[in-house]
Amino acid sequence: MGPRSRVSVAKCQMLVTSFFVLLLGLFVATMAALTYFGAHFVVIGRASPEGTPYEAMHRWAFYAGISLAGLLTLGAVLSATATVREAGGLMAGGFLCFALVFCVLVQVALQRFRNPAQVEDAMLDTYDLVYDQAVKSPSSTGRQELLTIQDTFLCCGKSAPPSLLGSSDADLCQGKEAVKQDCLQGIRSFLRTHGRIVSTLTSVGLASMVYAMLLSSFLWCAIRSGRSLDRKGTYTLSPRARDWQPQEPSFFRRSQAGLAPHHLSEADALGDRLGLSGRPGGPQLLQDH
């Protein structure tokens, strides 16, 4: 496979990868929106007091997801445009976007590996706080917040079954779904499902960024070296070609050389007849003294 064939294959792969990265950015933006505006996270966020770790993580996750989605979309658009137009600057911009996304995803993966239960602990701590307030003060607003959380997660109370709870605790457990699981189990189950989706997107994103960076760097080198398939740039003449003057065909040069003496002799003969010849020794006009 020659250099041009390799560049052609790389161009096709870059276009397909750009489309896939664009879809990945859409999924990341959707996941960030669900994390911030989803019912399960909203009810916990409303019940969480200001300044708690959950509130900070909730806001950080949304901003990080939107930023990643924007970088993915920008990188996909720049790389696809650079592939079609064979623009080295746009390809370098796409590579930079992919590199930034790769660094952010590595940071997210390391954070989840070091402390995988950070988000889960923050949500459970918030639920414990709201539950304790609702049990101690049944007439407070915390009771309504607790009922909203339980209705959203379809759970009730903590690990003790409703039959063993006190009167104030048993009033909080209503409905068929509330009997099936406690809220600690329901919150853990929901967060594990959410975490698996985030881990899948992170893994796919890391692999896609590595592949996109390799393709973009290869195509950038190909564009810089002039090995692209369809060169549509400007062409410059060499100094020797710039000084070259077009010449007439030899037939016309011979014809003009043969006609020049003939025209000159006819002009001389007409001058001799009229006495106007200016040649030395020829007749001249009489002048009055």
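In the predicted model, helix α3 packs against helix α4 (residues 88-114) at an angle of about 150°, and the two axes lie 8 Å apart. Because an angle over 145 degrees counts as roughly antiparallel, α3 and α4 are assigned to that class. The crossing of α3 with α4 is left-handed.

Helix α3, which spans residues 53-85, also packs against helix α1, comprising residues 3-37. For this pair the angle is about 160°, with the axes 8 Å apart. The helices α1 and α3 are therefore roughly antiparallel to each other, and their crossing is left-handed. By residue class, the contact of α1 with α3 contains 20 nonpolar residues, together with eight polar and two charged ones.

Side chains of opposite charge can pair when their charged atoms come close. Under the criterion applied, three salt bridges are counted in the model. One of these is formed by K11 and E86, whose closest N and O atoms are separated by 2.9 Å. Since K11 belongs to helix α1 and E86 to the loop between α3 and α4, this salt bridge ties together parts of the structure that are 75 residues apart in sequence.

A nonpolar patch is also found on the surface, where it is formed by F19, L23, L26 and F27. The accessible area of these four residues together amounts to about 410 Å². Of the patch residues, F27 is located in helix α1, the helix that also contributes K11 to the salt bridge with E86 and that packs against α3.

Note on methods
Residues are numbered from 1 along each chain as its sequence is written. This is a predicted model: local features need pLDDT of at least 70, side-chain atom pairs count only at pLDDT 80 or more; totals for chains, interfaces and linings use all residues. Side-chain values use heavy atoms; hydrogens and water are left out. Axes are lines fitted to C-alpha atoms, for helices over the stretch in contact, and angles run from 0 to 180 degrees between N-to-C directions. Helices (H or I, at least four residues) and strands (E, at least two) are DSSP runs, numbered from the N terminus. Angles under 35 degrees count as roughly parallel, over 145 as roughly antiparallel, 65 to 115 as roughly perpendicular and the rest as oblique. A crossing is left-handed if the near helix is turned anticlockwise from the far one by less than a right angle, and right-handed if clockwise. Ala, Val, Leu, Ile, Met, Phe, Trp, Tyr, Cys and Pro count as nonpolar, Asp, Glu, Lys and Arg as charged, and the others, Gly among them, as polar. Patches are made of residues with over 30% relative accessible area and no salt bridge: like charges are joined within 9 Å, nonpolar side chains (Val, Leu, Ile, Met, Phe, Trp, Tyr) within 5 Å. Accessible areas come from the Shrake-Rupley method with a 1.4 Å probe; for residues, only the protein chains shown count as cover. A salt bridge is a side-chain nitrogen of Lys or Arg within 4 Å of a carboxyl oxygen of Asp or Glu.
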